[in-house]
Amino acid sequence: MGIRSMETPDFERVFMDAGGRKGRPFRTLWRLYRGQRINLLLSLLFFIIKHSPVWIMSVLTADMINIISRPDADLKWFWIDAAVLFAVVLQNVATQTLHVSFMSRSSRLMEAGLRGTMMRKLQHLSMSYHSELRSGKMQAKVLRDVEQIELLSKQVMYSFVPAILNIIAAVTIAAATSLAVASLFVVLLPFAGGLVYFFRNKIRQRNRDFRRQIEEMSGAVAESVEMLPVTKAHGLEDIEIEKVNGTLYNLRGKGYRLDITEAVFGASGWVTFTLFQVICLTFTCMLAYQGRIQIGDVVMYQGLFGTIMMSINNLINVYPQFAKGFESIHSVTEVLASTETDEYQGTKVPGSIRGEFRFENVRFHYKDTDKHVLNGFTLDVKPGETIALVGESGAGKSTVLNLAIGFYRPTSGRILLDGVPFDELDMRAYRRQIAVVPQNTVLFSGTIRQNITYGLTNVSEEELERVIRMANLQDVIAAMPDGLDTMIGEHGGKLSGGQRQRIAIARAMIRNPRIIFLDEATSALDNISEFVVQKAMRELIRGRTTFIVAHRLSTIRDADRIVVMKNGRIQEVGSYEELMQRRGEFYQLKQLQA
Ligand code: ADP
C-alpha cells in the first residue's frame, strides 16, 4: 500500500498555487495532468485518426457521385474511393480503443492521485478545520467532487475537443472547395448555436424547477412517514393526507408544464436544426445549378453542415457538465489550498514524559464566535495526578481536554508540559505518548485485536492478554466465535455500550501512555456494566496523569483533585472530601444528581 501511494502523484502544490487565483479551473485541470501529457497527446492523435472517416466520407461520397454522374465515367477512381472508404471505416475499432485507453489511463491516475492527495491532506489539517467542516461534506469532496473532475476531463477529451475539431475540419474542407459555401457556414454557425442554446436553456430551467419540486415532495413523504406514530396517536390522519396531497398536486402541475415545455422547445430545436440544413441544401443546389459546384459536392456540404450542427449540439450539451466540474474543482481547492494544518509546529521531541501540566491563564474562543469559552484557566497538575473536570454542560470541560491534546491553541496564555511550552513541542511525538478515550467509542470494521492495537505493530500476545484482563474483556472475548479475531461490524455494531467502552480502555492501555484524556460517556450503562467499566478505568489511570471529564459524579471519588468549572473558569478545586465539606458549587451539583 505504501508503495502504491508513492506511485500516485501528489497534487497539493497545484491547488496551493490555484488557491490564490480563483476562476481558472481549466488551468488547474491542465496542471492535474502534468506528467500525463504525452498520453493526452496520443489520445488526441488516435481520436483524429479514428474520427477521420466522418470527414473523409463526405469528401469521397461527393467524389463517387461526381464520377458516376459524368457520362464518360472512369470507374477506376470510383473503386479506389470505395476501397479507401472501407479501409478508413475499418480502422475505427482499433483506434477508438487506443484513443479511450490513453485518455482513461491518465484520467484514472489523476483521479487516484487526487483522492490520495485529499486523504493525506485531511490527516494534516487541524482539528478546528475538521470541526468546522462536517464529515459528510468532506466525504462528498473526496468521492463526488473528484468523480466530477474526472468526468469533466473526460468530457473535454471525448466531447469538447472533438466538437471543436469537427467544426474546424468541416469549415476547412468547405473553404478548400468553395469559399461561398464556407462563408455560408461561418455566417449560419452562430445563429444556429444561439437558437439551439436558447431552446435548451428553456427546458433546463423547467427541469430545475421540477427537480426542486421532486426534492420537496420526497422530503414531505419522508417526514409524513416518520411522523406516522404521532399523527395516528393524535388522530390527525386527515390533516396529514391533506398536507401531502398539496405537495403532490404541485408536482403534477410542474410535471405537466415540463412535458409541454419539452415538447415545444424540443421540437423547435429540431425544426431549427432541419431548417438550417434546408437553407444549406437550397444554397448549394443553386450553386450546382449555376455550375459553380458539382452535383456530388451538394451531398458533401450537406454532410459537413450536419457535422457542424451536431458538434454545436454537443458543445451545448457538455456546457452544464462543465459548470458542475468547475464547481467541483473549486470545492476541492477549498480543502487542498487550506493552510490550516495542525495548530502547533514545534520541533522539540519530548523524551520520556513525566506528565506535569501547567495551564497559565489560558483563554480561548472558538473561531466563529468571540465568546470566550475559557477565561483565565490556571492549573498545575503533578505527574501521575488524576484531575476530574466537572461542571454543567457548556462550562468548557471538553475544551480543556482539546487544548491539552493540542487540537486547539489558546487565544492567550499558555500550556506547558514538563516545563516545555506547547509551542516548542513536537505535537505528534507528544501525542504518541498520550491516550484519548473519547465519549463515543469509535470502532472501525476489523477484528477486536485490530481495534485494540490500532496503529501499533509488534504487540506481544502476553501484553495483549494482560490488557484484556485489566479491561475486563476476557469473558466478552471468550464468548465470541473467533475470540480476539472476531470481526466487529462497522462502528462495532454487535457490541454493547459497556463492551465498546472497555475496548476503548484496552486500546488506551496497550499504548502504555503517560497521559490519559478521558471523556466519560454520558449514556447510562446498567449497574453491572457500569461497575465493570469503572474497574477497567481505575486500572487504566493508575500511576498516569489523567484528565477525566466526569459526567457522573459518582465516578470521581478516586480523583486526586476535582476541578469544578463554570463559564470557562475554575470555581473550586479540591479532593472529593474537601469539596463536600465546603458545601459550595460541587456540593450543590452533587445534591442535584443524588
Ligand atoms: P462542556 O464539555 O463543559 O460541556 P464544552 O467545552 O464542550 O463544554 O463547550 C464549551 C462551550 O464552547 C459551549 O458553549 C459550546 O457550545 C462551545 N463549543 C464547543 N465546541 C465548539 C466548537 N467546535 N465551535 C464553537 N463552539 C464550541
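Which element provides the largest share of the lining of the second largest pocket? In this predicted model, that share comes from α8, which supplies five residues.

**View 1. The second largest pocket and the helices that line it.** The space in this pocket amounts to about 360 Å³. Its lining consists of 14 residues, of which W30, L40, V156, M157 and V161 are the closest to the pocket centre. Two or more lining residues are given by each of α3 (25-32), α4 (37-69) and α8 (135-177).

**View 2. Residue character in the lining of the second largest pocket.** Nonpolar residues number 12 in this lining, alongside one polar and one charged residue. Among the residues closest to the centre are W30 and M157.

**View 3. The shell of residues around the ligand.** The ligand is surrounded by 13 residues, with G394, G396, K397, S398 and T399 the closest. Helix α12 (residues 397-405) contributes three residues, the largest share of this shell. By character, the shell comprises six polar, four charged and three nonpolar residues.

**View 4. Backbone atoms of A395, G396 and K397 beside ligand oxygen atoms.** At A395, a backbone N or O atom lies 3.1 Å from an oxygen atom of the ligand. For G396, a polar backbone atom is 2.9 Å from a ligand oxygen atom. A polar backbone atom of K397 is likewise placed 2.9 Å from an oxygen atom of the ligand. The ligand taken alone exposes 560 Å², and the protein buries 65% of that area.

Note on methods:
Residues numbered from 1 in each chain as written. Predicted model: local features only at pLDDT ≥ 70, side-chain atom pairs only at ≥ 80, totals over all residues. Heavy atoms only, no water. 1 Å grid on protein atoms, 1.4 Å probe; cavity = no way out; pocket = protein on both sides within 12 Å on 5 of 7 lines; lining within 4 Å. Points joined across faces, edges and corners; volume = space filled by probe spheres on them. Helix = DSSP H or I, 4+ residues; strand = E, 2+ residues; numbered from the N terminus. Nonpolar A, V, L, I, M, F, W, Y, C, P; charged D, E, K, R; others polar. Near = heavy atom within 4 Å. Polar contact = N/O pair within 3.5 Å; in protein donor to acceptor, adjacent residues only side chain to side chain. Areas by Shrake-Rupley, 256 points an atom, 1.4 Å probe, with all protein chains shown as cover.
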